[in-house]
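Work through the exercises below with the model open. Each task is followed by a solution in steps.

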Amino acid sequence: RREYEAQEAAKAVRGISEQSASWESLGVMLQCAWTEVRNGTKGEPAPNFFRLAVCCSIFDKVCGVVGNYSGLLLELRREMYACLFKGFDPEAPIPEGHCDYARMLPFF
């Protein structure tokens with residue numbers, strides 16, 4: 001099950017990245033993506049790795065576009081991810097502004 005969720009999460013994250021350039025509003029696109037994920041996983045147990053991976057990917061995108069608050073959100077992101085994922089080093093650089101969530105192991 002975990003492997004399947006990881007594969008599906010990787011597909012969803014790639015889809016969000018690929019689609020973001022074709023939308024006029026990144027905010028609307030991210031809201032649509034998150035709504036689709038929530039609706040598609042209703043009834044799934046929580047916590048859920050698929051939702052976590054997509055949520056983190058969306059959060060990564062938001063962190064980069066909130067102007068003056070980007071620096072603070074990026075710091076908060078590092079701390080949150082260190083609490084969510086085993087082996088996540090909050091001091092290590094994050095390549096290209098995002099992580100490969102499908103390969104990360106959550107604490108749950």
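**Exercise 1. Classify Arg2 in this predicted model: is Arg2 buried, exposed or partly exposed?**

Step 1. Locate the residue. Arg2 belongs to helix α1.
Step 2. Take its relative accessibility, which is 30%.
Step 3. Apply the cut-offs: buried is under 20%, exposed is over 50%, and partly exposed is in between. Arg2 therefore counts as partly exposed.
Step 4. List its contacts, skipping neighbours within four places in sequence. Arg2 touches Phe49, Ala102, Met104, Leu105 and Pro106.
Step 5. Add a distance. Ala21 is 19 residues from Arg2 in sequence, and their C-alpha atoms are 30 Å apart.

**Exercise 2. Do the same for Ser70: is Ser70 buried or exposed?**

Step 1. Ser70 sits in helix α4, which spans residues 70-84.
Step 2. Its relative accessibility is 12%.
Step 3. The buried class lies under 20%, so Ser70 counts as buried.
Step 4. Beyond four places in sequence, Ser70 contacts Cys63, Gly64 and Val65.
Step 5. Look at Cys63 in detail. Its backbone oxygen is 2.6 Å from a polar atom of the Ser70 side chain.

**Exercise 3. Describe how helices α2 and α3 pack, and name the residues that meet.**

Step 1. Set the boundaries. Helix α2 covers residues 26-40 and helix α3 covers residues 49-63.
Step 2. Read the geometry. The angle is about 175°, and the axes lie 11 Å apart.
Step 3. Classify it. Angles over 145 degrees count as roughly antiparallel, so α2 and α3 are roughly antiparallel to each other.
Step 4. Name the α2 side: Leu26, Leu30, Ala33, Trp34 and Val37. Facing them in α3 are Phe50, Arg51, Val54, Cys55, Ile58, Lys61 and Val62.
Step 5. Sort the residues of this contact by type. There are 10 nonpolar, no polar and two charged.

**Exercise 4. Find which residues touch the most other members of the largest nonpolar core, and which element gives the largest share.**

Step 1. Size the core. The largest nonpolar core has 22 residues.
Step 2. Pick out the best-connected members. Ile16, Phe85, Phe88 and Tyr101 touch the most other members.
Step 3. Assign the elements. Those giving two or more residues to this core are α1 (2-20), α2 and α3.
Step 4. Find the largest share. Helix α3 supplies it, with seven residues.
Step 5. Follow one member outward. Leaving aside neighbours within four places in sequence, Ile16 contacts Met29, Leu30, Ala33, Val54, Ile58 and Lys61.

How values were computed
Residues numbered from 1 in each chain as written. Predicted model: local features only at pLDDT ≥ 70, side-chain atom pairs only at ≥ 80, totals over all residues. Heavy atoms only, no water. Axes fitted to C-alpha atoms, helices over the stretch in contact; angles between N-to-C directions. Helix = DSSP H or I, 4+ residues; strand = E, 2+ residues; numbered from the N terminus. Parallel < 35°, antiparallel > 145°, perpendicular 65-115°, else oblique. Contact = heavy atoms within 4.5 Å. Nonpolar A, V, L, I, M, F, W, Y, C, P; charged D, E, K, R; others polar. Buried < 20%, exposed > 50% of the residue type's maximum accessible area, 1.4 Å probe, protein only. Polar contact = N/O pair within 3.5 Å; in protein donor to acceptor, adjacent residues only side chain to side chain. Core = buried A, V, L, I, M, F, W, Y, C linked by side-chain atoms within 4.5 Å.
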